[in-house]
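The exercises below are meant for a reader who meets this structure here, and each one is followed by a solution that goes step by step. Please keep the sequence and the model in view while working through them.

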Amino acid sequence: MKIYSCCLKSEKNLFRHSGGTGLDCGGEIQMAAEQKLRGCRGQILRYFVLGILWESCTAQIRYTVPEEVEKGSFVGDIAKDLQLKPLELSEQGARMVSRGKTQHFILNSRKGNLVTADRIDREELCPGAPRCFLNLEILLEDKANIYGVEVEITDINDNKPYFRDEEVEVKISEIAAPGMRFPLPEAFDSDVGVNSVQSYQLSPNHHFSLHEQSGTDGVKYPELVLERALDREKDPVHHLTLTASDGGDPVRSGTGRVRVTVVDFNDNAPVFTQSEYRVSVPENVPVRTLLITVTATDPDEGVNGEVTYSFRKITERTSKIFQMNTVTGEISTTENLDFEESALYEMEVQAEDGPGLLGKAKVLVSVSDVNDNAPEVSITSLTKSVSEDSLPGTVIALLNVHDRDSGENGHVMCSISENLPLKLVKSYGNYYKLITAGTLDREEVSLYNVTVTATDQGTPPLFMNTYIPVHVVDTNDNPPTFGQTYYSAYIRENNPRGASIYSVVARDPDSEENGRVTYSIAEDILQGSPLSSFISINSDTGVLYALSSFDYEQLHDINLLVNAQDAGDPPLSSNASLTLFILDQNDNAPEILYPAFPTDGSTGVELAPLSAEAGYLVTKIVAVDGDTGQNAWLSYHLLKATEPDLFSVGLHTGEIRTARTFLRKDALKQNLIVAVTDNGEPPLSSTVSVIVAVADSIPEVLSDLNRLAVPEVLSEDSLTFYLVLALAAVSCLFFGFIIVLVVFRLCKWRASQLLRSGTSHFAVDPDSEFVGIDGVQAFLQTQIQEVTLTMGSQKSRLLFPQQSHADTLTCHTICEKNRPLSASQNILEGKEDSNIFQVLVHKDQEDQTHTLQDTEKGNLQTLYTPYLGSGHGSPGKHRSHELTTDSKVCISKRSNGP
């Protein structure tokens, strides 16, 4: 015995050690070891068997924790059992999977431990069950791996036994023989195992004793045993106390009162037709459905044979579901049955006759499962988006499937549509993985609404659809694509710079930056210059623009390569060829090659004999046009001729022919003006002048050549020349006027300075505006003085406006008149004498001197003194004064004060 104890102790230590690693197989391994191994000789064999059983348990991690432990109590080391470090457990996104139920445990990912989330009451979780297990799953997000964990909740003695009724009555006939047994009410204890009811005790008395009887399920039932005969007349009632005790540590107990009533003689107790009644019903039976009828008979007559039925032993929950007719013994439902809540209900019924004799029987109600619960699909882990270049087998979602039904009704199959590049694969337990099965293409399908259908195997089958949106993330796998590989565009020459030529569009089915297209033109050399100096393209819209004005006569077409590139990483691109054809416009006037004006100074003349008949070819106009097509189709017209009916011009040939024979009255020199016009829109034209000399012999023509003058035909170049010349002349006159004005102002300023310096002759009174000259004072007012030199009068005159109130003072001391001046005579005689006329005009305290110098012959000069102030009187009258050359005349205009 000692050796066995040692071996058993070692075995228990081994189990304790294994439980610490989280791989505890529960009491099954221990019981198997105790039954098969007895003694120290089998120790090696015992370890071998334990190793085999140990490996069979590693498919699931198991822990054991007692109920009612504090919140946060240690349950197991998850990280150690998964052969991971706590930090690795956190990095791999370990978390517990919940299916909407209350979680009684928490995973501490920082330490890698599993701890309790609250106080756990085993009696609430697993009422009446001999063993209580809680299952949970641990998910590693990064690898989408799921691990099952089973935690057994062990019972502690936290509940004491109790009786349903505080007092029960037992009726015993006074003629009952000693040794007869009477059943007593059973005590209940929510705990299980040794913590449940283990023994009963009866209070001391002289007539009764207690006997404990064990049922097939191991439950003990108390029975009251009559030890002495009863005498109703002496003791009609006996009061007893029944005590029920459990086997916990410490021991808990509960008491109930038993009242024994002694009745008159009744020698037959009711007897049920069956000791055990069994009935099986589906869980979906309606309320108040009759399940079974129990029947008991009593051979006694009268009141002693009248039987009433009642429940003898029934749990509180069961008593709310079933009811019993006390007269008929019918048992029916009062609430809906639920197989998922309880599959078997066990109860005891009793039949009692009038005097109180009892009979009992057991009733078992089996609830069969009905497929009344649809499968439930919960998304444990979900990746919101997946890249279109993901490899097959990429995990998108982890699903958990659960059906509350059992058997085939709870067997669930999951499926998705077969025409998707996705598939479901079975994972751990009831878990499925949604993975990629083929190549994804966002350009074809950017969003998959995956319908996961979970169907059970019941009859009829129930199903549930769960919708999972899978977004396909774009990658830059498509280059921009042009609608055509070759484009042709047309533009007319002489186009404005910056004009839009053509627009190309490239499509990229990618999204966002991968689908944003930019356009460019491949660099090339055109006519010795970069192509980019001729054409540009809008990088965003693909519109091409002309940077220069094209000339068809120099450039007919341009070939370029347009590149379209997206903004992806790495960028993708494609090219398209574009040919730009330049269309001709009528921008060139016809150029006349013949006849051309001679460059040696001679006169170009066409000859025609006087005897020429009608239709005689005199000459032919030869012209070309730099344009092409109809813009170069030329036509010839006779615009002007000395004799309009004498010559004709071929419309398309330009040939000048005689329309009739020459007459004596016709001029010998015929001037023809021929217009050459193209067929453009608008038409352009050029003219040419043709001189035709009519004579019978060449000497006659030569004698008249010196008298012939080449008519001047103003061409566009001549007109331009004259316009430029006129503009230059006007500009010169303008600048000359400016120079004269500046010189004039300077002279005025110089004269004023000289007059101010002569203080010995002039005295200025600024207050009274009087000027004194040799003691003579006069009030000055501004006058307009006009000096006119005429050619026809053979003399020069000075004309001054005359006022009615003005006086003229002549300074004889300064000015002197010698002889008349004849301007015309001087001009005719060609004299170049420098005649200077000086006029002094006084204005508002300021003297001005005007000097006129005749430097050119044959000019008629008129000198106007500016109107510098407002005068009085009529300005229309003039006075004439003759001036002499070689003399200086000083005229001072003074007027008296007002």
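**Exercise 1: a strand and its partners**

Strand S26 (residues 395-402) pairs with S29 in the antiparallel sense, over 5 bridges. The model is a predicted one, and the task is to describe the surroundings of S29, beginning with the pairing just named.

Step 1. Within the pairing of S26 and S29, alanine 397 is the residue that stands opposite leucine 434 of S29.

Step 2. Strand S28 (residues 422-426) also pairs with S29, in the antiparallel sense and over 5 bridges, and here leucine 424 has leucine 434 in S29 as its bridge partner.

Step 3. The connection between S28 and S29 is a hairpin with 4 residues between the two strands, and in its turn glycine 429 has a positive phi of about 55 degrees.

Step 4. Is strand S29 buried or exposed? With burial meaning under 20% relative accessible area, 6 of the 6 residues of S29 (residues 431-436) are buried, so the strand is largely enclosed by the rest of the structure.

Step 5. In a regular strand, side chains alternate between the two faces of the sheet. For S29 both faces are covered, with Tyr431, Lys433 and Ile435 buried on one side and Tyr432, Leu434 and Thr436 buried on the other.

**Exercise 2: an open sheet**

Find the order of the strands in the sheet that contains S2, S5 and S4, and say which strands stand at its edges.

Step 1. The sheet is open and consists of 3 strands in the order S2-S5-S4, with antiparallel pairing.

Step 2. Strand S2 (74-77) and strand S4 (105-108) each have a single partner strand and stand at the edges, so one side of each is left without a neighbour in the sheet.

Step 3. On average, neighbouring strands of this sheet are turned by 25 degrees against each other, when direction is ignored.

Step 4. S2 is joined by 3 bridges to strand S5 (residues 113-116), the two running antiparallel, and glycine 76 has leucine 114 in S5 as its bridge partner.

**Exercise 3: aromatic pairs**

How many aromatic pairs are counted, and what does the pair of phenylalanine 272 and tyrosine 309 look like?

Step 1. The count comes to 11 aromatic pairs.

Step 2. Phenylalanine 272 and tyrosine 309 form a tilted pair, with 6.2 Å from centre to centre and 50 degrees between the planes.

Step 3. Because phenylalanine 272 lies in strand S15 (residues 271-272) and tyrosine 309 in strand S19, the pair ties together parts that are 37 residues apart in sequence.

Step 4. Phenylalanine 272 counts as buried at 9% relative accessibility, and tyrosine 309 counts as buried at 6%.

Step 5. Phe272 and Tyr309 also belong to one aromatic cluster with Tyr277.

**Exercise 4: the second largest pocket**

Describe the second largest pocket by its volume and its lining.

Step 1. The volume of the second largest pocket is about 830 Å³, and of the 37 residues that line this pocket, the closest to its centre are Pro183, Leu184, Arg312, Gln350 and Leu358.

Step 2. Among the elements that give two or more residues to the lining are strand S8 (167-173) and strand S19 (308-313), and S8 gives the most, with 6 residues.

Step 3. Sorted by class, the lining has 18 nonpolar, 6 polar and 13 charged residues.

Key: Residues numbered from 1 in each chain as written. Predicted model: local features only at pLDDT ≥ 70, side-chain atom pairs only at ≥ 80, totals over all residues. Heavy atoms only, no water. 1 Å grid on protein atoms, 1.4 Å probe; cavity = no way out; pocket = protein on both sides within 12 Å on 5 of 7 lines; lining within 4 Å. Points joined across faces, edges and corners; volume = space filled by probe spheres on them. Nonpolar A, V, L, I, M, F, W, Y, C, P; charged D, E, K, R; others polar. Buried < 20%, exposed > 50% of the residue type's maximum accessible area, 1.4 Å probe, protein only. Pairing = 2+ DSSP bridges. Axes fitted to C-alpha atoms, helices over the stretch in contact; angles between N-to-C directions. Phe/Tyr/Trp six-rings, centres within 6.5 Å; stacked < 30°, edge-to-face > 60°.
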